[in-house]
Amino acid sequence: MFSVSAEYYDLVYGNKDYQGETDRLRGLFRRFVPEGRTILDIACGTGEHLRLLPEYQVAGIDLEPTFVRIANEKRPDGNFQIADMQQFDLGTKFDILICLFSAIAYLLTPEAILSALGCFKAHLAAGGAIFIEPFFERKEWHTGRAHITSGEDDHRKVCRLMTSDREGDVSILIGHYLIAEGIDVRYAVERHELLLLDRDQWQDFFREAGLSAKYLPEAFSSRGLYVARPFPTAPASS
Ligand SMILES: C[S@@+](CC[C@H](N)C(=O)[O-])C[C@H]1O[C@@H](n2cnc3c(N)ncnc32)[C@H](O)[C@@H]1O
């Protein structure tokens, strides 16, 4: 999935406003989990949000080993592991769970989504909350577009041209990469598939997983953010 681009992710997303996003997240954490001290970043990528949250104790999981290595370099005090968000057991709970930049949409089936939400819930400490940034809704996805992004550091230059397509409710993104290290230039292609889900579909998944979720349209990014917590358990009748 990110086997080509993981190494260049922070270059390609050099213009993404991680600082602004993290500032808004911090405000949301204070509002929803004021006593929160620990964060698990699910599908953490290179750990850029966690790098900007030094006051929290952090952990992260990701499928891609290169991301886990980079996240660990950014937060050597954190606990980062290669794991699949569909099925993981870290043996510990966290006050705050985050799953950002639409990573959840890489799960393409209801079974995978429900299994992941079950794992999220199982890792949530009492009083905690889960923050999930979704992908686009079905009507929002435009096919036939191409989008260019580039980035560089002292010795690498990367140019990515991403095209958008669709098969049913699955968006297909093909990333064409031109990567220069010094004057060695190579071309590589990566295919990404992300599920397009509407808000009422998300609410059905949350309900089925035993979570109550509030959708915040603008509080984090233009994609919105779900804040989910387990349904309160009914008091035992006497
Ligand atoms: C768009 S990136 C987001 C990374 C990071 N959260 C951020 O905001 O920069 C999507 C991430 O999801 C990860 N991912 C996709 N499917 C996964 C899965 N089943 N389990 C764990 N990580 C997964 C990818 O490896 C990648 O790091």
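Q: When do two strands count as paired?
A: Two strands pair if DSSP finds at least two bridges between them. This model is predicted. In it, seven strands make an open sheet with mixed pairing. The order is β3-β2-β1-β4-β5-β11-β10.

Q: Which strands are the edge strands?
A: Look for strands that pair on one side only. Here they are β3 (79-82) and β10 (211-216). From one strand to the next, the twist averages 20 degrees.

Q: Which helix packs on the sheet, touching β1 and β4?
A: Helix α2, residues 18-32. It also touches β5 (124-132), β10 and β11 (225-230). The directions of α2 and β10 make an angle of about 135 degrees.

Q: How many bridges join β1 to β4?
A: Three. Strand β1 covers residues 38-42 and β4 covers residues 94-99; the two run parallel. For one residue pair, take L40: its bridge partner in β4 is L97.

Q: Which residues of helix α6 are buried?
A: Buried means under 20% relative accessible area. In α6 (residues 199-208), W202, F205 and F206 are buried. Seen down the axis of α6, these residues fall within an arc of 100 degrees, so they line one face of the helix. D200 and E208, on the other side of α6, are exposed.

Q: What covers the buried residues of α6?
A: The cover includes helix α5 (110-122) and the strands β5, β10 and β11.

Q: Which residue follows α6, and what is its phi?
A: G210 follows α6. The phi of G210 is positive, near 80 degrees.

Terms used. Residues numbered from 1 in each chain as written. Predicted model: local features only at pLDDT ≥ 70, side-chain atom pairs only at ≥ 80, totals over all residues. Heavy atoms only, no water. Helix = DSSP H or I, 4+ residues; strand = E, 2+ residues; numbered from the N terminus. Axes fitted to C-alpha atoms, helices over the stretch in contact; angles between N-to-C directions. Contact = heavy atoms within 4.5 Å. Buried < 20%, exposed > 50% of the residue type's maximum accessible area, 1.4 Å probe, protein only. Arc of directions from axis to C-beta.
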